[in-house]
Each structure stands twice: as C-alpha cells, then as structure tokens.
Amino acid sequence: MDNEELATIAYKGAIDVRDRASIGRLDPINIFDCSEKLKVEVRFVFGGTFEGMYEKEKKVIVLPVDRPAGRRVFTCAHELAHWRYKHGSMLDDSTTIEGYNDRPEERLANMFAGYILMFPPAVESARAALGISYSACSSDDIYALASWFGVSYASMLNHLRWALRKLGHSAYEELKRVAPRTIRTRLLGGRESQHLVVMHSLIPRIPIDLEAGDFALLPASVKADGGSVAVIEQRPSHTLVQAVRPGISLLRSESSDWAAAARVMRRGYTGRSIFRNLEPEDDA
C-alpha cells in the first residue's frame with residue numbers, strides 16, 4: 001500500500017475518531033482526554049527505553065513521562081491509531097514515532113497522529129486567525145501554531161511540509177534549522193524552560209496543559225485564580241505565567257474577553273492521565 005492510500009485511510013480515521021469523541025472540526029484536541037473519552041486508558045510511567053506502548057487486552061496506552069511534552073502528545077495519538085485500526089498490542093521506539101518506517105501500520109499510525117492532532121481544516125482556521133502567511137512565516141509563527149494545537153514545533157513543521165504541503169523545501173529547511181529552545185529562550189527574555197506555551201492571541205478552545213515549572217505567554221493584564229499558576233511578569237504586550245503546582249487555575253484578562261483554564265501536572269507524574277491535575281492531598 002503506497003503513502004497516498006495510507007494518507008486517505010489515516011485522514012478518514014482521524015475524522016471518525018474526532019467525531020466519536022465529539023471534537024469540532026475546527027477545534028484543537030487534547031489527545032489524552034480524547035483517548036479516555038473513548039475508553040482507552042492512558043498511563044504515564046517513568047523511564048523505559050520505548051517511546052510508547054498500546055496493550056490491546058487492557059485497552060491501555062503507556063507513555064514515558066520523561067519525554068518532552070509534545071513528544072508524549074504525538075506518541076499518544078500514534079498509539080491511539082493502533083487501537084483505531086485494531087493492530088493489536090504494539091511497542092514503539094524512536095524509529096517508529098514520527099520518522100519513516102517500512103511497516104505500513106507504523107506509517108499509518110504516524111499519518112493518523114498528524115491528522116487527528118493537526119486536522120487540516122483546523123490548521124487552516126488557526127493560521128488565518130493568527131494572521132500567518134505560509135509564504136512568509138517565521139519560526140515564531142510555527143511555534144505559536146504548534147502551541148495552539150498542543151504539539152511540538154517539529155511536529156507542526158513536518159505536518160505543514162509533508163502532509164499539508166504548505167511549505168516549500170527552502171522555507172522548511174530554514175525553519176528546521178531553528179531550535180525550539182532558542183525560540184523559548186528569546187521569548188522568555190533569556191529564561192531557560194523545558195516547555196513554553198504561547199497563547200497570547202486567540203482565546204483557547206481547550207485547557208492549557210502545563211507541568212510544574214513550565215511557562216505560558218498570555219495576553220496583557222491576565223490574572224490567575226487558583227494556586228497552580230503564578231503570574232511572573234506583566235507587560236503592556238503580554239503576561240508571563242509559570243506553573244507551580246498540580247491543580248487547575250482560571251486565567252482571565254482584565255482588558256479583554258480572553259479567558260482560559262490552566263491545568264498543571266506535577267513534573268514526573270506517574271499514573272492515569274485522568275488524575276494528573278489533582279491537587280496534593282495535604283492541601284485539598
């Protein structure tokens with residue numbers, strides 16, 4: 001089966017799963033919540049040499065928590081594909097996630113992951129709302145678009161180049177040379193961070209998921225209600241917040257109708273994904 005046929009199957013599968021989970025065609029998706037909604041349990045574990053695993057008998061997706069946030073998201077979607085297409089139990093390493101693989105079921109899983117996370121109509125809607133032009137987009141544009149969909153910079157860049165075919169070769173190669181860490185450090189004014197969510201333009205349609213220590217760049221005049229997120233910096237152009245402890249906080253701008261929920265997970269959390277944002281028992 002060639003890649004065109006696999007892409008068609010993957011696209012139709014992504015539509016099916018999004019519909020079954022009641023995800024709007026123009027909305028981003030939280031893949032952990034989506035999986036649980038479809039009765040596929042998601043568990044985070046520590047360590048391991050694998051990238052992800054799907055256990056058919058238990059209908060469980062297992063993800064190493066020490067992988068980068070965007071990596072876990074893509075891997076979860078990849079494993080959900082094995083559930084959707086009834087591939088059976090699968091153990092995936094770095095050679096099967098996102099990269100090219102000779103096995104059709106692994107290529108199908110990667111294509112499905114791209115389409116369900118970055119559904120083409122949703123990508124086009126977000127691109128237009130953010131005012132991004134594919135012919136002149138910057139690394140900051142790609143990073144902002146990736147943040148909107150909760151995926152990594154690399155995932156968004158590869159999806160735009162190879163699946164949606166919106167970026168030419170030279171533009172893709174130039175953007176590929178920019179390290180996400182460099183973007184984060186510059187946007188954070190020199191601060192170092194493992195993860196930064198940029199959400200200062202559009203009103204989020206799903207909660208902003210963070211781990212303790214992560215930052216989020218939000219619109220100006222945002223206040224945080226709840227103890228899981230702290231405001232670090234207020235400027236006329238933006239608000240910088242940092243996730244400090246597990247829990248859920250409400251973020252609201254005092255100068256616009258922008259509002260969002262921020263859900264914080266303890267760094268290194270292990271266990272079921274549905275419990276990842278619970279506050280510590282001693283402070284409940």
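**Notes on the predicted model**

1. Let me start with the inventory: the secondary structure of the protein comes to nine helices and 13 strands. Please keep in mind while reading that this is a predicted model.

2. On overall dimensions, the C-alpha atoms of the protein fill a box of roughly 55 × 50 × 35 Å along the principal axes. A compact globule of 284 residues would have a radius of gyration near 19 Å, and the 18 Å of the protein agrees with that. The accessible surface comes to about 13,000 Å², and carbon and sulfur atoms hold 51% of it.

3. How much of the protein counts as buried? The figure is 51% of the 284 residues. As for contacts, take those with a separation of 6 or more: residues 24 or more positions apart account for 54% of them.

4. The largest nonpolar core has 85 residues. Ile31, Leu80, Ile116, Leu117 and Phe149 are the residues with the most contacts inside this core. You may like to click on Leu117: leaving aside residues up to four places away in sequence, Leu117 touches Ile29, Ile31, Val73, Phe74, Ala77, Phe149 and Val151. Two of these partners, Ile31 and Phe149, appear in the list of core residues with the most contacts.

5. Helix α4 covers residues 104-117, so Leu117 is its last residue. At 1.5 Å a residue, the 14 residues of α4 should span 20 Å, and the end C-alpha atoms are indeed 20 Å apart. Eleven of the 14 residues are buried, so α4 is largely enclosed by the rest of the structure. Among the buried ones are Glu106, Arg107 and Asn110, along with Phe112, Tyr115, Ile116 and Leu117.

6. Helix α3 (residues 69-84) can be checked in the same manner. Its 16 residues should span 22 Å at 1.5 Å a residue; the end C-alpha atoms are 23 Å apart, which agrees. Of those 16 residues, 13 are buried, so α3 too is largely enclosed by the rest of the structure.

7. Next, a backbone point. Most residues other than glycine have a negative phi. Lys86, which follows α3, has a positive phi of about 55 degrees although it is not a glycine. Lys86 sits in the loop between α3 and β4. Is Lys86 buried or exposed? With a relative accessible area of 73%, Lys86 is exposed.

8. Ser221 belongs under a similar heading: it is not a glycine, yet its phi is positive, about 65 degrees. The loop between β7 and β8 (222-225) holds Ser221. Ser221 is partly exposed, with a relative accessible area of 26%.

9. On to the sheets. Five strands form an open sheet with mixed pairing, in the order β4-β2-β3-β1-β13. β4 (90-92) and β13 (271-272) stand at the edges with a single partner strand each, so one side of each is left without a neighbour in the sheet. Within this sheet, β2 (residues 52-55) and β3 (residues 60-64) run antiparallel and are joined by three bridges. Glu55 has Val60 in β3 as its bridge partner.

10. Strand β10 (residues 239-243) has pairings with two strands described here. Four bridges join β10 to β7 (residues 215-218), and the two run antiparallel; Leu217 has Leu240 in β10 as its bridge partner. Strand β9 (residues 229-234) also pairs with β10 in the antiparallel sense, over five bridges, with Val229 opposite Ala243. What joins β9 to β10? A hairpin does, through four residues. Four of the five residues of β10 are buried, so this strand is largely enclosed by the rest of the structure.

11. Finally, a look at Asn158, which lies in helix α7 (residues 153-163). Asn158 is partly exposed, with a relative accessible area of 28%. Not counting residues up to four places away in sequence, Asn158 touches Ala163 and Tyr172. Asn158 and Arg276 are 118 residues apart along the chain, and their C-alpha atoms are separated by 29 Å.

Key. Residues are numbered from 1 along each chain as its sequence is written. This is a predicted model: local features need pLDDT of at least 70, side-chain atom pairs count only at pLDDT 80 or more; totals for chains, interfaces and linings use all residues. Side-chain values use heavy atoms; hydrogens and water are left out. A nonpolar core is a set of buried Ala, Val, Leu, Ile, Met, Phe, Trp, Tyr and Cys residues joined through side-chain atoms within 4.5 Å. Buried means under 20% relative accessible area, exposed over 50%, partly exposed in between (1.4 Å probe, protein chains only). Contact means heavy atoms within 4.5 Å. The expected span of a helix is 1.5 Å times one less than its number of residues. The radius of gyration is taken over C-alpha atoms; the globule rule is 2.2 Å times the number of residues to the power 0.38. Accessible areas come from the Shrake-Rupley method with a 1.4 Å probe; for residues, only the protein chains shown count as cover. Two strands pair if DSSP finds at least two bridges between them.
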